[in-house]
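Q: Please take a close look at one part of this structure and describe how its pieces are arranged.

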2 protein chains.
Amino acid sequence: MLAVTILGNNSAIPAFGRHPTSQIITTADELMMFDCGEGTQIQILNYRIRRSRINHIFISHLHGDHYFGLVGLLNSFALLGRIQPLHVYGPADLIKIIEMQFDFADTTFPFEFTFHPITKAGLLHDGKHYTVECFPTQHRIECWGFIVREKKKLRKIIAEKTKQYNIPSTSFSKLQQGEDYVSPEGTLIKNEFVTTENTKAKSYAFCADTKYDEALIDIIKDIDLIYHETTYTAPFAEKAAERFHSTSKQAATIALKSNVKKLIIGHFSAKFEQLDIFEEEAREIFPETDIATEGVTYLI
Amino acid sequence: MLAVTILGNNSAIPAFGRHPTSQIITTADELMMFDCGEGTQIQILNYRIRRSRINHIFISHLHGDHYFGLVGLLNSFALLGRIQPLHVYGPADLIKIIEMQFDFADTTFPFEFTFHPITKAGLLHDGKHYTVECFPTQHRIECWGFIVREKKKLRKIIAEKTKQYNIPSTSFSKLQQGEDYVSPEGTLIKNEFVTTENTKAKSYAFCADTKYDEALIDIIKDIDLIYHETTYTAPFAEKAAERFHSTSKQAATIALKSNVKKLIIGHFSAKFEQLDIFEEEAREIFPETDIATEGVTYLI
């Protein structure tokens with residue numbers, strides 16, 4: 001199970017009912033959050049996200065539209081009497097802001113809170129069913145993208161075959177991990193005779209804020225779903241580059257060259273009321289593109 | 001002209017579509033803001049407030065539900081290319097938060113920004129048509145209430161009378177200020193023969209977060225409209241006191257004893273979905289009580 005729910009798809013200035021960046025990642029056993037712009041805790045209520053299941057929050061960078069909702073959310077967790085641990089990952093300076101705001105409010109965390117400063121690309125979190133890695137993006141200030149990968153899934157037992165070969169259920173977990181079976185009499189039963197492959201482990205990449213950057217291509221190669229920002233439409237390529245942002249066509253080009261299965265686009269500038277043009281421009285290059293629509297969950 | 005528009009009437013945890021504290025004060029020549037909880041800039045859009053006319057923002061205290069929207073609003077002002085000066089007033093530590101967040105985002109103010117730390121009760125701002133004073137309230141951390149007073153209005157000239165007494169228009173501004181007129185021949189014309197009183201100068205008090213505190217009575221005496229928090233209904237008086245908050249009946253008692261004309265109540269706890277009970281309880285003591293409803297403008 002891997003799915004992405006969009007809570008905000010707008011860039012810095014709120015406009016046309018759109019909100020700053022935040023996404024909820026649903027995995028088999030818990031929820032994660034990628035970025036937490038102002039008002040995210042209200043969007044969580046609007047879309048009935050079970051906030052108590054959010055255990056890991058990842059912040060890409062310290063522009064306000066990506067984290068101004070974080071301390072409010074933590075504060076609400078504190079007031080609601082949360083007890084399970086919470087992990088926040090982000091640029092090292094983020095903890096100074098959190099601590100200063102809690103300090104001035106004379107508030108403390110009633111739950112175990114761990115801040116993980118991001119200092120280099122690589123593995124950030126090794127969960128039971130998935131991992132989260134980070135990679136740098138090219139933005140005006142330090143900025144990180146994130147990749148969630150489901151762990152390789154166990155092979156499926158074919159019940160009638162294990163019965164046929166008299167394999168005891170105590171050996172099933174080894175079979176699920178791909179091992180062959182050797183009977184007490186010394187007979188080898190090849191794994192592929194008694195199991196089948198499970199569904200493929202899925203992956204999602206959140207490319208944060210970035211200018212057009214071909215270094216991303218290798219990093220996100222073959223991923224199932226990627227989110228790539230498109231602050232501007234194609235005619236504004238120069239402005240996009242100046243501001244370390246991307247256009248619709250640039251996002252689509254990255255998706256195409258990375259051989260990903262599907263692209264969702266967001267972080268739209270407040271100058272655009274209608275968003276169809278973003279989708280149209282991107283689909284000319286990469287047809288499997290959708291607008292990252294607030295409230296919509298993209299199953300992977 | 002003095003009016004109050006409610007942008008948020010809820011306490012710390014957003015609930016039931018209600019938002020954290022923020023109010024817009026409309027005066028004859030500009031807008032002010034009292035508190036700026038998370039999401040205030042979105043409420044400003046929802047209620048079509050002309051954000052460019054907001055020149056003075058007053059923050060009562062450093063609990064997040066009263067200021068977490070401020071840096072986002074300042075940031076949007078910066079991105080929108082605001083040029084006119086902006087003044088922010090609040091507890092001294094607030095500037096550290098603002099500066100840290102702008103610093104990490106590598107952003108600067110393109111407009112003249114002045115922070116006024118509040119250190120003692122008294123006059124904060126002397127505008128052309130009104131003044132703003134602050135007073136301390138009894139809360140868990142340093143907290144300030146605010147009073148806006150329209151300046152005394154000029155007396156109205158009675159045109160036919162000035163004609164009758166041959167008073168030249170060059171003397172009108174002195175008449176408006178209440179002075180008598182002396183003709184070139186030395187005849188004294190008493191001011192009240194040729195002018196009438198203007199409408200009374202209006203006043204509004206925002207009592208911020210506070211526990212029941214009779215020290216407020218003298219401070220807000222005879223004011224036209226007051227906002228007083230009512231985090232809890234009457235049966236929760238003990239919890240209210242513990243948390244330095246007030247109940248419906250306590251707010252109404254303060255209004256009654258202060259001889260104010262009208263009371264609006266807000267800062268409702270997220271435990272209450274229905275708000276009628278707050279109004280009912282308060283009106284038993286002070287009938288001129290209304291719920292401070294989001295989006296509603298209270299003309300004074």
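A: Two helices and a sheet

Helix 9 of chain B and helix 10 of chain B pass each other in a right-handed crossing (the near helix is turned clockwise from the far one by less than a right angle; left-handed would be anticlockwise). This is a predicted model, in which local features need pLDDT of at least 70, side-chain atom pairs count only at pLDDT 80 or more, and totals for chains, interfaces and linings use all residues. Residues are numbered from 1 along each chain as its sequence is written, while chains are lettered from A and ligands numbered from 1 in the order in which they are written.

Helix 9 covers residues 248-258 of chain B, and its axis comes within 8 Å of that of helix 10, crossing at roughly 35°. Helices (H or I, at least four residues) and strands (E, at least two) are DSSP runs, numbered from the N terminus. Axes are lines fitted to C-alpha atoms, for helices over the stretch in contact, with angles from 0 to 180 degrees between N-to-C directions.

Among the residues that meet are B:Ala252 and B:Leu256 in helix 9 and B:Phe278 and B:Ile285 in helix 10; contact requires C-beta atoms, placed from the backbone, within 7 Å.

Helix 10 (residues 276-285) of chain B also lies across strand 16 (262-266) and strand 17 of chain B, at about 170° to strand 17. These strands belong to an open, mixed sheet of seven, in the order 7-8-9-14-15-16-17; strands pair if DSSP finds at least two bridges between them. Strand 7 (122-126) and strand 17 (289-291) of chain B each have a single partner strand, so one side of each lacks a neighbour in the sheet.

Notes
Two residues are in contact if their C-beta atoms, placed from the backbone, lie within 7 Å.
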